[in-house]
Amino acid sequence: MPTLELSNPAALPADWRDFVALTKPRVMSLVVFTGLCGLLVAPVRLPPVLGFTAILCIALGAGACGALNQWYEVEVDGKMRRTAKRPLPAGRMDRQSALHFGVGLGGFSVLLMGLAANWFAAALLAVSILFYVIVYTVWLKPRTAQNIVIGGAAGAFPPLIGWIAATGHVAALPLLLFAIIFLWTPPHFWALSLFVRSDYAAAGIPMLPVVAGLQSTRWQILLYSPPMAAAAVAPWLLGLSGPVYGACATLLSLVFLVLALRVAANRASEPSSMDAEKHLFAYSVFYLFALFTVLVADRFLPW
Amino acid sequence: MVRPEDEVIRQRQRERARVTALLLAAFVVLLFFITIAKTGMNW
């Protein structure tokens, strides 16, 4: 009778915590937050349980994207320090389990969204999952330095889906929220990829700093920041949000532009000297959270 | 006699079964409330 080698963790059934890790919970939190904001700023109020279910579906869809991304990129993840301890490259889970989990989670999230909210939101959720997995992960990411420019659209869908789950139709404001995240993604990811460049180079992923160099990436960050700032203040300029949002969006975007200028002025090539890039990366996460929080507050609070 | 290796596998299977049962129970409760909400909306 064959005995199991416990020194080989893959011989064990995967721990349920590893399935949770497969969904990239930290990435999911931003997706859930922006989706929730899209739902909350919509002019239609869903019953709380349906609103909760819509957000749950967005979260599960994002989790499916994470699982399928890790299923496809297991070899690449194994080559990068940042990702080598994930369940698949670390050998704590077999690939087929990750594939089944990802496909099942994605299908379940789309079906539940259709049943609880509407089929337009469900279709858009399906498109966003397929876009992330097929267009970004499989097609663009290993082939072009512009991978996150186009692939960023996948992360921009949640507020649009949240709005459509509530209203059943598209409008100018959720499209602007889509544009904000779409234009925010390149400076956010390029700031990160500048100081983890060696990881991407080792894994053979053609991120912009690897292909075009550090200075070119810094200029691209600076180039993308003004359009992003313009999209951020557009809801106020177009009368879709109030002056408090306008003032906060302007201030937050100005700080973003200043940090992007600091990045453009930096000439460091060692990650240890890339404080400007690290500050921009950290601020970019805060920026998106703050911008969307103020947008929702502006909708509800009687300023 | 149960080998230690088998016991580790059984324990992990039990944990997974428990989590699956909890998730299924939560899903049933969620479906119940979705149905109530939809009925209330006259959809």
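Helix α3 (residues 48–72) of chain A and helix α1 (residues 4–40) of chain B are oblique to each other in this predicted model. Their axes cross at roughly 130° and come within 8 Å. An angle over 145 degrees would count as roughly antiparallel, and 65 to 115 as roughly perpendicular; the pair α3(A) and α1(B) is therefore classed as oblique. The crossing of these two helices is left-handed.

Where α3(A) and α1(B) meet, chain A supplies A:Val49, A:Leu50 and A:Thr53, while chain B supplies B:Leu30, B:Phe33, B:Ile34 and B:Ala37. By class, six residues of this helix contact are nonpolar, one is polar and none is charged.

The contact between the chains as a whole involves twelve residues of chain A and 14 residues of chain B. On the side of chain A that touches chain B, α3 gives the most, with three residues. That side of chain A is made up of nine nonpolar residues, two polar residues and one charged residue.

The table sets out the residue classes for the two cases.

| Set of residues | Nonpolar | Polar | Charged |
|---|---|---|---|
| Contact of α3(A) with α1(B) | six residues | one residue | no residues |
| Side of chain A that touches chain B | nine residues | two residues | one residue |

A further residue of chain A is A:His169, in the loop between α7 (147–167) and α8 (172–195). A:His169 has 12 other C-beta atoms within 10 Å and is therefore exposed, since the cut-off for that class is 12 or fewer. Along the chain, A:His169 and A:Leu88 are 81 residues apart, and their C-alpha atoms are separated by 39 Å.

Conventions: Residues numbered from 1 in each chain as written. Chains lettered and ligands numbered in written order. Predicted model: local features only at pLDDT ≥ 70, side-chain atom pairs only at ≥ 80, totals over all residues. Helix = DSSP H or I, 4+ residues; strand = E, 2+ residues; numbered from the N terminus. Buried ≥ 20, exposed ≤ 12 C-beta atoms within 10 Å, placed from the backbone. Contact = placed C-beta atoms within 7 Å. Nonpolar A, V, L, I, M, F, W, Y, C, P; charged D, E, K, R; others polar. Axes fitted to C-alpha atoms, helices over the stretch in contact; angles between N-to-C directions. Parallel < 35°, antiparallel > 145°, perpendicular 65-115°, else oblique. Left-handed = near helix turned anticlockwise from the far one by under 90°.
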